[in-house]
4 protein chains.
Amino acid sequence: MQILKDEIRNKILDVAENLFYQNGFRDTTTRSIANEVGISVSNLYLYYENKEAIFYGVTDRFYEYFVSGFEAFLDHHDKNITMDVCISHYIRKIISTDQKKFVIITDKSQGTKYEGFKQQIISILSNHMKTQLNNNLVQDELVIYILAKNFFEGIIEIAKNYKNEHWLESNINTLVKYHMKGMGELM
Amino acid sequence: MQILKDEIRNKILDVAENLFYQNGFRDTTTRSIANEVGISVSNLYLYYENKEAIFYGVTDRFYEYFVSGFEAFLDHHDKNITMDVCISHYIRKIISTDQKKFVIITDKSQGTKYEGFKQQIISILSNHMKTQLNNNLVQDELVIYILAKNFFEGIIEIAKNYKNEHWLESNINTLVKYHMKGMGELM
Amino acid sequence: MQILKDEIRNKILDVAENLFYQNGFRDTTTRSIANEVGISVSNLYLYYENKEAIFYGVTDRFYEYFVSGFEAFLDHHDKNITMDVCISHYIRKIISTDQKKFVIITDKSQGTKYEGFKQQIISILSNHMKTQLNNNLVQDELVIYILAKNFFEGIIEIAKNYKNEHWLESNINTLVKYHMKGMGELM
Amino acid sequence: MQILKDEIRNKILDVAENLFYQNGFRDTTTRSIANEVGISVSNLYLYYENKEAIFYGVTDRFYEYFVSGFEAFLDHHDKNITMDVCISHYIRKIISTDQKKFVIITDKSQGTKYEGFKQQIISILSNHMKTQLNNNLVQDELVIYILAKNFFEGIIEIAKNYKNEHWLESNINTLVKYHMKGMGELM
DNA sequence: AATGAATGAGGCTTCATTCAT
DNA sequence: GATGAATGAAGCCTCATTCAT
C-alpha cells in the first residue's frame, strides 16, 4: 500500500507543478488538481494538509537546493573561471533540471510564503553587483537594483521558453554578455 | 449641487489606484476599496457601475494619453535628437505625471481589458529593435524580446520608485545608456 | 406650492401606471419611476410611503369602482336587456376608461395585496355561471371555472390590445357570443 | 457509489419543480430551494451548475417530449379520427404524466430559454385555427388569437387541477367540445 | 420640499476545507 | 485509504428604503 500511496503523492506533485506553472498558486483550484490526478478532492487532503502544503511539496526541496547553490555561488566563486562563465553554469544547471519549479517559485507564488522570494534574490544580486562596481558614478542604487532585476527576469523568461541544452546555453550566454557589456557602462 | 460628491468619487479612485497598484485588479476586492474609503460596498455602486468601471476610472484617460504619445514616438522621432534622448523624454513625461497608473495598466490589469497591454508594448518594442539590429548574429528572437522586456520593466521599476524630476532623468538616462551599450554587443 | 405638489403626485402615478403596465409590480424599480418622472428617488418617498403605496395610488380607486360595478352587475342586471349585452356594456366601460389599470390589477399585481384579485373575480364569475346553468350534466365544477377564467382572460387580452371604441365593441361582442354559444354546449 | 446522491438530486428537482410551479423561475431563490431540500445553498451547486441548470433539469426532457408530440400532432393527424379526439388524446398524455412541468414551461419560465414558449405554441395554434376557419367574418385576428390562448390556458388550468385519468378525459372533452361549438359561431 | 448620499438585506456563485461513511 | 457529500466564508452586484442637509 505504501507504493500506491507514494505513486499518488507524486502524481499530485506532478499535476500541481504543471498547474501552478500554468496558472499560478492563486488561480489553481484544488478541484482542478484532483480532477487531473483522477482522485477526489477530499483525498487530496489525506496527502497534503492544504493547498499551500501541495505548493511546498512541489517547491520546498528545490528551494533548499536553489538557495544553497546560490549562496555557494556568492561566497566563493572559483577564481579560475570568470564570473560570467560561473553564472552561466549555475543557471543552466538549475533550469535544465528544474525549469518549472524555478518559474513557479519566482513568478507564480503569490499567496504563499515564497511570495517575496524573487525580490530577495534580486536584492542579493543587486548588493553583490554593487560590491563589484566602484559605483561612485552611480547616483542611485536603484539603477543597479533594476539591472539585477532585469537580469534575473531575463533568466526567468528564458526558463519559461526552455527548449534544450544547446538553446539554453546560447541564450544565457547572450544574456550574460549583454549585461556584462551594459555594466561596463556603469563603471 | 453636483450629481455625485466629487470628493468621494475621487477618493474612491485614489484608494482604488493604491489598492490596484498593490494587489492588482483581481485581488482587490470591492470590500477593501469601500472599507478604506470609509463607505459601504453598495455605496460604491452609486459612483461606479462595477469594479471594472472603477478600474477604468483610474486608467482610461491615462491609456489614451500613453498610447497617443507612444505612437507619436514610433512614427516620427525627431531626427535632430538621438533616439535615446527621445525615449528618455517621452518616458519621463509619462512617469512624472502618472507613475502608478503606468504600473497598474501594464502590470496589474489581469481581468480587465488591459490584460494584454504590456505584452503588446513589449512586442512592438521588440520588433522595433529587430529592425535596428542586423541580427544575423542573434540565434533566437527570444533574446531580443527579453531585452525589450527588460528595458520596459526597468522603466516600470523606475516608475515604482519615482522621487523627483532630477532623480528620474538621471536614472532613465543610465538605464537607456546601459541598454544601448548592451545592444552594441548583439550587432 | 400645493399645485406643484399635486402635479408631481399625479405624474408619479402616471409614470408608475405605465411602468407597472409594462413590467409588473415586481419588475418595476423605484429608480425607474423616479427617473422617468424626473425627480430623485428619495423624493418619491415624500409622496408615497413605499413602492406598494404607489401601486395602490394607481389602483385603489379603480378597484373600488370596478368592484362596485361588478357587484351591481351580479345583483340586479336589467331584465330588459339580455345578459350578454349587459356584460358587454359593463366591460366596455371599464376598458375604455381604465384599460391599463384593469390590466395592472388583474395581471401585473404580483407582490401586492391584489395578487389574488383575478382569481377572486374568476371564482365569482364561475359561481354565477353555475347558477345560470342547470349543470347536472357537468361532472366537475372545474370546467365552469375554466370557462370563466377563459372568458375573463380573454377580456384582459382584449384590454391589452385596446385600440378604440369600435374595435373594442366588436371584439368583446365576438368573445361574448363565442362563450355564449360554447356554454350552450354545457346545458 | 453513484457520483452524486440520486436521492438528493431528485429531491432538488422535486422541490424546485414545486417552487417554480408556485413562484416561477425569477421569484424562486436558490435559498428557498436549498432550505426546503434541507441542504446549504452552496451544496446545491454540487448537483447543478446554477439556478438555470436546475430549471432545465426539471424541464428539458419534458420539452423534447412535448415538442415532438406537438409537431406530430400538427403534421399528420390521423384522418380516421376527428381533430377533437386527436387533440384530446395528445393533451391527456401530456398532462397525466407531467402536469406541473407543463405549467412551468409554459407559464413560469420568465428568465429562462423557455420564456417565449407559450407564446409560440399559442401563435401556432392560432395560425392553425385561422386556416380552419373561412374567417371573412372575423374582423380582427386578435379574437382568434384570444381563443387559441383561451383554449391553451384552459388546458393549463386543467393541468393544474389534474386528479385522475377519467376526470381528465371528461374535462378535456368538455373543454374541446365547448371551443368547437364556440368556433362554429365564428364561421 | 428636494435631493445627494448612504446602506442593509438579499441574490447568485466559487472555493478551500471538513465530515461521515 | 477513499470519497461522496456538505458547508461557511467570501466575492460581486441590485434594490427598496432612510438619512442629512
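What follows is a walk through the chain pairs and the nonpolar cores of a predicted model. Since this is a predicted model, local features need pLDDT of at least 70 and side-chain atom pairs count only at pLDDT 80 or more, while totals for chains, interfaces and linings use all residues. Residues are numbered from 1 along each chain as its sequence is written, chains are lettered from A and ligands numbered from 1 in the order in which they are written, and side-chain values use heavy atoms, with hydrogens and water left out.

Chains A and B make a good place to begin. Laying chain B on chain A takes a turn of 174° and a shift of 0.2 Å along the axis, with an RMSD of 0.9 Å (a least-squares fit on the C-alpha atoms of residues with pLDDT of at least 70 in both copies). The two copies are thus related as by a two-fold rotation axis. Of the residues of chain B, Gly182(B) is the one that comes closest to that axis, its C-alpha lying at 1.8 Å. Both copies use the same surface, as 97% of the contact residues of chain B recur in chain A; contact here means heavy atoms within 4.5 Å.

How much area is buried between chain B and chain A? The figure is about 2,800 Å², and carbon and sulfur atoms give 57% of it (buried area being the accessible area, with a 1.4 Å probe, that two parts lose on being put together, summed over both). Glu157(B), Tyr178(B) and Glu185(B) supply 23% of what chain B buries against chain A, more than any other three residues. The contact draws 33 residues from chain B and 32 residues from chain A.

Charged and polar pairs also cross this interface. The rule finds 4 salt bridges between chain B and chain A, a salt bridge being a side-chain nitrogen of Lys or Arg within 4 Å of a carboxyl oxygen of Asp or Glu. Asp27(B) forms a salt bridge with Arg26(A), and the closest N and O atoms are 2.6 Å apart. There are also 9 residue pairs in polar contact across this interface, both residues at pLDDT 80 or more (N or O atoms within 3.5 Å; within protein, one must be able to donate a hydrogen and the other to accept it, and residues adjacent in sequence count only if both atoms are side-chain atoms). Helix 7 (141-160) and helix 8 (165-184) of chain B each supply at least two residues of the side that touches chain A. Helix 7 of chain B gives the largest share of that side, 13 residues. Helices are DSSP runs (H or I, at least four residues), numbered from the N terminus.

Now for chains C and D. A rotation of 174° with 0.2 Å of shift along its axis superposes chain D on chain C, at an RMSD of 0.9 Å. In chain D, Gly182(D) comes closest to the rotation axis, at 1.8 Å for its C-alpha. About 2,900 Å² is buried between chain D and chain C, with 57% from carbon and sulfur atoms. The rule finds 4 salt bridges across this interface; Arg26(D) and Asp27(C) meet in a salt bridge, with 3.5 Å from N to O.

What about chain A and the chains of this second pair? Chain A does not touch chain C, their nearest C-alpha atoms being 37 Å apart. Chain A and chain D do not touch either, and their nearest C-alpha atoms are 11 Å apart.

The largest nonpolar core holds 130 residues, of which Ile12(A), Ile33(A), Phe102(A), Ile12(B), Ile33(B) and Phe66(B) touch the most other members. A nonpolar core is a set of buried Ala, Val, Leu, Ile, Met, Phe, Trp, Tyr and Cys residues joined through side-chain atoms within 4.5 Å. Apart from this core lies another, of 128 residues, including Leu44(C), Phe151(C), Ile158(C) and Ile54(D).

Ile158(C) sits in helix 7 (residues 141-160) of chain C. Is Ile158(C) buried or exposed? At 0% relative accessibility, Ile158(C) counts as buried (under 20% relative accessible area, against over 50% for exposed and in between for partly exposed, with a 1.4 Å probe and protein chains only). Leaving aside neighbours within four places in sequence, Ile158(C) is in contact with residues including Trp167(C), Leu168(C), Leu142(D) and Ile146(D). Ile158(C) and Leu168(C) are 10 residues apart in sequence and 7.5 Å apart in space, C-alpha to C-alpha.
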